[in-house]
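Visitor: I would like to learn how to read ligand contacts and helix packing. Can we go through one case together?
Guide: Yes. Here it is.

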Amino acid sequence: PSGAEPATKIVINLERLQQLPAEKVGPLARYAATIQSQRGDYNGKVLSIRTEDLRSLAIIYDMTPGELTERMIDWGVLPPEARPSKED
Ligand code: C2E
Ligand code: C2E
Ligand code: C2E
């Protein structure tokens, strides 16, 4: 990595997402399903989303993007390598 960007790749594990109860992951699951629909991308085991989408989702969950990332790692929806830098 070159250093200018906090290069956090957001690659959602769709199989794991589908295993989790809707009351936990409902907004995230709907957001991911909408992106799949807009792309016509239904066959993947994972879904890469925009950094900007993480910011929108964090507002929905009333968290910072870093806190939501931690939550998604706890859920197993993101791999631990997705953890952002502390100053995010
Ligand atoms: P990668 O980004 O490490 O992705 C590895 C594999 O994860 C992809 O293999 C694909 O099977 C899956 N994957 C990741 N994100 C998505 C997603 O949003 N939807 C779906 N359906 N699958 C996803 P694949 O397709 O053979 O791509 C291999 C590599 O080619 C990727 O590695 C990436 O380096 C490059 N690539 C493929 N598509 C794109 C793209 O749209 N943009 C860029 N920059 N690179 C791409
Ligand atoms: P759009 O934002 O006008 O993007 C048009 C096309 O540009 C996309 O078609 C895609 O081929 C390409 N594109 C735009 N940004 C990126 C990017 O960061 N990486 C890659 N690999 N390609 C990019 P596509 O995929 O058929 O998406 C159609 C429309 O669906 C998009 O129009 C956008 O409105 C929506 N969409 C798709 N995926 C996402 C997403 O992850 N987040 C958001 N917010 N919208 C998305
Ligand atoms: P990627 O395709 O490897 O793109 C990496 C970054 O390059 C994107 O990060 C974005 O900052 C920039 N980028 C790539 N293509 C475009 C474009 O057409 N327009 C603009 N304005 N910027 C572009 P970002 O946004 O965080 O997206 C992360 C990953 O999410 C992308 O990696 C791609 O795998 C996926 N993605 C995002 N938007 C779309 C989309 O509309 N369609 C598809 N198929 N994939 C998308």
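Visitor: Which backbone N or O atom lies 3.3 Å from an oxygen atom of ligand 3?
Guide: Start with the ground rules. This is a predicted model: local features need pLDDT of at least 70, side-chain atom pairs count only at pLDDT 80 or more, and totals for chains, interfaces and linings use all residues. Residues are numbered from 1 along each chain as its sequence is written, chains are lettered from A and ligands numbered from 1 in the order in which they are written, and side-chain values use heavy atoms, with hydrogens and water left out. Now the case: the backbone atom belongs to isoleucine 49. It is a polar contact (a pair of N or O atoms within 3.5 Å; within protein, one must be able to donate a hydrogen and the other to accept it, and residues adjacent in sequence count only if both atoms are side-chain atoms).

Visitor: What else holds polar contacts with ligand 3?
Guide: Threonine 51 places a backbone N or O atom 2.8 Å from an oxygen atom of the ligand. Arginine 39 uses its side chain, with an N or O atom 3.1 Å from a nitrogen atom of ligand 3. Alone, ligand 3 exposes 780 Å², and the protein buries 27% of that. Such areas come from the Shrake-Rupley method with a 1.4 Å probe; for residues, only the protein chains shown count as cover.

Visitor: Which residues surround ligand 3?
Guide: A residue is near a molecule or strand if one of its heavy atoms lies within 4 Å of it. Here the shell is Arg39, Ser48, Ile49, Arg50 and Thr51. By class, that is one nonpolar, two polar and two charged residues. Ala, Val, Leu, Ile, Met, Phe, Trp, Tyr, Cys and Pro count as nonpolar, Asp, Glu, Lys and Arg as charged, and the others, Gly among them, as polar.

Visitor: Which side chains make polar contacts with ligand 2?
Guide: Arginine 39 again: a side-chain N or O atom is 2.7 Å from an oxygen atom of ligand 2. For arginine 50, the distance to a ligand oxygen is 3.1 Å. Aspartate 53 sits 2.6 Å from a nitrogen atom of ligand 2, by a side-chain N or O atom. The protein buries 38% of the 780 Å² that ligand 2 exposes when taken alone.

Visitor: Which element gives the largest share of the shell around ligand 2?
Guide: Helix 2 (residues 22-39), with three residues. Helices (H or I, at least four residues) and strands (E, at least two) are DSSP runs, numbered from the N terminus.

Visitor: And ligand 1: what gives the most to its shell?
Guide: Strand 2 (residues 46-49), with three residues. Valine 46 has a backbone N or O atom 3.3 Å from a nitrogen atom of ligand 1. The side chain of lysine 9 has an N or O atom 3.3 Å from an oxygen atom of this ligand.

Visitor: How do I read helix packing?
Guide: Two packed helices are described by the angle between their axes and the distance between the axes. Here the axes of helix 2 and helix 3 (residues 51-60) come within 10 Å and cross at roughly 150°. Axes are lines fitted to C-alpha atoms, for helices over the stretch in contact, and angles run from 0 to 180 degrees between N-to-C directions.
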